[in-house]
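User: Pick one part of this model and give me a close look at it. Then tell me how it fits with everything around it.

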Amino acid sequence: MNALVVSAIEKSFGPVDVLRGVDLEVHGSEVHAVLGENGAGKSTLMRIVLGLEHADRGTMTVGGKPYAPRNPADARRAGVVMVPQERTLCPHLDVIENIVLGIEPSGPLGVLREKDAVAVATRALALVAGEGRIPIRARAGAMSVADQQLVEIARALAQGGESARVLVLDEPTASLGKSDADRLFERVRALKESGLAVVLVTHFLGDVRDHADRYTVLRDGKVQGSGDPKTAPPEQIVHEMLGRELESVRGEADAAKGGAGYRGEAPGGGAETLLELRTVAGVAKPRAASLTLKRGEILGIAGLVGSGRTELLRAILGLDRVKSGEVVVTAPRGMGLLSEDRGGEGLMLGRSIAENIALSPRGPLFVNPSHTRADGARWISELSVRSSGPDQRVGDLSGGNQQKVQIARLLREDFDVLLVDEPTRGIDVASKAQVLDLLRELAGKGKGIILVSSQLDELVSTCDRIAVLRRGELSASRPATEWDEEKLLLEAAS
Amino acid sequence: MSALASLRTMRRPAWLGPFVALLVVYTIFAIITPEHSFLRSQIFLTMARQSVVLAICALGMTLVIVTGGIDLSTGSLVALTTVVVAKMLKGGSSPVVAVATAVAVATAVGAFVGVCVGRFRLMPFVVTLGTMAVLRGSAIGLASEQKIDCDPRGLDHLLEASLSAPGIWIALALAALVAIVLGYTRFGRHVFAVGSNEAAARLCGIDAGRVKILVYAISSLLAGIAGVMEFSTLTVGDPTDSVGLELDVIAAVVIGGAPLAGGEGSVLGSVFGALLIIVIRTGAVHMGMPSWVQYIVTGVIIFVAVAVDSARRRRTRS
């Protein structure tokens with residue numbers, strides 16, 4: 001029985017064709033992964049399924065009945081619910097209030113029935129988190145990201161009510177550590193077995209292989225392949241995602257690696273020290289972090305979610321208060337941070353590419369806009385940002401291209417030390433390789449880089465040395481050649 | 001932070017701060033006034049009567065600020081209402097018809113603002129800045145650039161100098177009503193949700209635009225009622241009345257614990273905020289202090305309120 005059938009959906013935004021005739025069939029009791037690079041059209045497709053956008057052409061059915069939602073409320077009535085990638089709880093409301101948001105049980109004159117609300121919310125929470133794991137009266141804004149995610153799924157299910165047929169999870173594990181992700185998929189399996197159709201939009205091929213029953217690959221607004229992820233070789237899926245680009249990307253990546261010539265050639269004791277931390281502790285995290293960063297090297301920092309990785313970088317830069325210990329900066333041109341939160345603090349989404357790149361505390365008193373534009377255009381071609389030009393709003397770019405703009409800003413400042421937080425989060429495979437090669441290249445040119453990443457393979461392949469952050473305490477670093485992914489994970493999780 | 005401590009900060013009601021501030025300021029005045037005359041019931045009554053207009057406006061402003069909006073047109077709307085009431089009474093309408101018409105006009109203005117903000121997604125600051133000017137101009141034009149004298153036909157008794165003045169009780173009843181709406185109804189929950197995270201509210205099927213239209217309409221309806229109260233004390237229609245009232249109203253709501261970013265706020269807090277402003281004003285007059293002192297004291301209290309609130313927030317977060 002097909003829970004959701006999407007036929008020949010087309011959608012364009014202005015001159016850009018985002019979806020060019022997409023077909024998708026999702027059965028009940030299955031986890032169906034939708035894969036694709038950034039800009040492949042996954043998000044738009046999901047927004048159409050949820051009634052947040054309207055298709056230009058094409059039809060959909062849910063449970064065999066024609067389905068054309070005008071808004072999320074319509075979708076919900078038909079039993080289609082989504083947990084979007086970014087967190088969408090109301091931070092001031094508590095767990096129960098969030099779960100019943102929009103479906104508050106109420107009597108005459110809209111007076112709330114608190115007991116019913118608690119019952120609805122507890123039932124939904126039990127499906128995703130088990131009894132008592134989440135305090136129902138905690139304010140959403142004060143909860144961990146992992147718990148917020150569970151509350152969002154509970155909310156989606158509660159809002160679908162008895163008729164919930166299709167649950168869309170958009171990048172559910174992007175901000176979760178491995179154990180939280182595993183716990184999440186455990187719940188997803190239980191939901192699936194209860195008859196729900198789960199659409200899983202993700203970048204993580206590992207998640208797809210381990211947890212999906214079928215997959216569909218989108219590229220350039222079209223379906224490029226589908227099948228069983230357990231039998232389809234990963235190379236084939238990657239090929240479907242990237243198309244012909246793959247070979248050339250690999251070639252470029254290899255060439256860049258060869259050019260930088262990095263592994264095993266870490267700078268010796270003679271290189272200039274740029275940054276030193278002596279048992280630095282923040283207000284809550286980190287608790288004890290010591291490190292030394294020299295010119296020309298990449299120091300990787302591994303750690304689970306909640307280990308204090310981002311907090312460490314913020315403390316180094318002085319964005320968060322350092323409670324004890326010392327941060328000694330000897331880098332003559334200072335430090336810059338590439339934030340993991342692109343939309344929140346990394347970029348001005350409403351401003352143009354050129355303005356974002358030019359944003360700087362230094363610089364002349366008067367600015368010539370045409371210089372800013374020309375500079376922007378130069379960086380756009382330098383980092384091959386896919387855009388309509390330096391005047392385009394950054395918010396209109398795909399995630400990978402936004403990341404390039406953020407990097408361009410740091411490069412323009414010419415900092416000696418780059419603190420790089422999750423540079424490849426939510427960006428496609430090709431862009432990932434480019435970003436990492438760029439970091440290698442910059443280290444080769446004499447920058448010192450601290451790279452925080454939850455992608456362990458990235459750390460092993462990119463860094464000179466790696467240190468592990470565990471519950472706020474940073475271990476001594478060791479050469480990357482002594483690490484592999486398993487060792488890192490073991491160290492971080494023990 | 002321990003679970004118990006987090007529970008404590010969570011449960012601490014938002015109105016506690018302004019309530020304590022009110023007690024402290026009142027006590028100070030009670031001590032420093034000669035013969036402790038600030039404790040006399042006559043003064044108490046005067047303050048209650050003077051609070052009515054500010055407090056009723058603050059009720060509506062609380063809703064607006066909880067959604068993350070702002071309304072700068074309150075003062076002009078109050079003035080326009082006094083003019084409409086006076087003009088109708090002068091034209092021979094019964095008090096009931098005059099009041100109903102004036103309040104209906106106010107509500108319609110609010111609905112218009114709400115449509116601009118909620119449907120056309122215009123910035124509330126700009127929309128109500130424009131509305132403020134248009135309403136002030138309309139009031140002056142309607143009144144032919146002068147005060148309108150008329151027989152108040154009983155409306156002056158609304159805020160007469162007695163504990164049985166209906167205005168005081170109407171204000172209390174409205175406060176209770178708005179508190180119930182905000183705290184115990186679907187609509188109230190949606191007001192908080194829209195202010196806390198509008199995208200999330202939309203995602204959950206809440207028509208955020210509709211919530212805002214209702215909020216601005218209700219807020220202006222309340223400003224209309226406040227205007228009737230203002231007429232009751234003025235007994236004339238005065239188009240130049242209540243200039244800058246909206247700033248006092250916003251101050252009351254902010255002192256009452258509602259951040260302008262939205263998502264939080266309480267009726268009780270706002271009422272205490274309004275009372276605090278009136279206590280300072282009355283106390284200063286009573287002591288014979290020059291008016292600049294009360295401005296400065298009110299300003300300092302706003303700073304303190306915001307500082308205390310922000311310190312509390314930072315503590316809760318870490």
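Analyst: A quick word on angles before anything else: axes here are lines fitted to C-alpha atoms, for helices over the stretch in contact, and the angles run from 0 to 180 degrees between N-to-C directions. Keep in mind, too, that this is a predicted model.

The part I'd pick is a sheet in chain A. It's an open one, built from six strands with mixed pairing, and the order across it is β6-β7-β8-β3-β9-β10 (chain A). At the edges you'll find β6 (80-83) and β10 (222-227) of chain A; each has a single partner strand, so one side of each has no neighbour in the sheet. Going from one strand to the next, the twist averages 20°.

Let's zoom in on the β6 edge. β6(A) pairs with β7 (residues 166-170) of chain A in the parallel sense, and four bridges hold that pairing. If you want a spot to put your cursor, try V81(A), which sits opposite L167(A) in β7(A). Now look at what packs on the sheet: helix α1 (residues 42-49) of chain A touches β3 (30-36), β6, β7, β8 (197-201) and β9 (214-219) of chain A. The direction of α1(A) makes about 150° with that of β7(A). A second helix, α5 (residues 145-160) of chain A, lies across β6 and β7 of chain A and runs at about 170° to β6(A).

One residue helps tie this to its surroundings, and that's V18(A), found in strand β2 (residues 16-27) of chain A. Is V18(A) buried or exposed? The cut-off for buried is 20 or more other C-beta atoms within 10 Å, and V18(A) has 20 of them, so it counts as buried. Setting aside neighbours within four places in sequence, V18(A) is in contact with K11(A), S12(A), F13(A), G41(A), T44(A) and G221(A). Of those partners, T44(A) has a number inside the 42-49 stretch of α1(A), the helix that packs on the sheet.

Now step back to the whole of chain A. It's divided into domain 1 (2-248) and domain 2 (269-493), and the centres of the two, taken over C-alpha atoms, are 31 Å apart. For a residue pair to go with that, V18(A) and P369(A) are 351 residues apart in sequence and 31 Å apart in space, C-alpha to C-alpha. Altogether the chain A count is 17 helices and 20 strands. Its radius of gyration is 24 Å, close to the 23 Å that the globule rule gives for 494 residues, so chain A is as compact as a globular protein of that length. Along the principal axes, its C-alpha atoms fill a box of roughly 70 × 50 × 50 Å. Of the 494 residues of chain A, 49% count as buried. Take the chain A contacts between residues at least 6 apart in sequence, and 70% of them join residues at least 24 apart.

Chain A also has a partner in the model. In chain B, 21 residues are in contact with 23 residues of chain A. On the chain B side, α8 (186-196) and α9 (198-203) each supply at least two residues, and the largest share, six residues, comes from α8(B). That side of chain B divides into eleven nonpolar, seven polar and three charged residues.

As for chain B as a whole, it has 13 helices and two strands. Its radius of gyration of 20 Å is close to the 20 Å from the globule rule for 318 residues, so chain B is as compact as a globular protein of that length. The chain B C-alpha trace spans about 65 × 55 × 30 Å along its principal axes, and 52% of its 318 residues count as buried.

Two loop residues in chain B deserve a glance while you're there. R121(B), in the loop between α5 (95-118) and α6 (124-142) of chain B, has a positive phi of about 55° although it isn't a glycine. E145(B), in the loop between α6 and β1 (148-149) of chain B, has a positive phi of about 60° and isn't a glycine either. Residues with 12 or fewer C-beta neighbours within 10 Å are exposed; R121(B) has 10, so it counts as exposed, and E145(B), with 9, counts as exposed too.

Note on methods: Residues are numbered from 1 along each chain as its sequence is written. Chains are lettered from A and ligands numbered from 1 in the order in which they are written. This is a predicted model: local features need pLDDT of at least 70, side-chain atom pairs count only at pLDDT 80 or more; totals for chains, interfaces and linings use all residues. The radius of gyration is taken over C-alpha atoms; the globule rule is 2.2 Å times the number of residues to the power 0.38. Two residues are in contact if their C-beta atoms, placed from the backbone, lie within 7 Å. Ala, Val, Leu, Ile, Met, Phe, Trp, Tyr, Cys and Pro count as nonpolar, Asp, Glu, Lys and Arg as charged, and the others, Gly among them, as polar. Two strands pair if DSSP finds at least two bridges between them. Domain bounds come from an automatic or database domain assignment.
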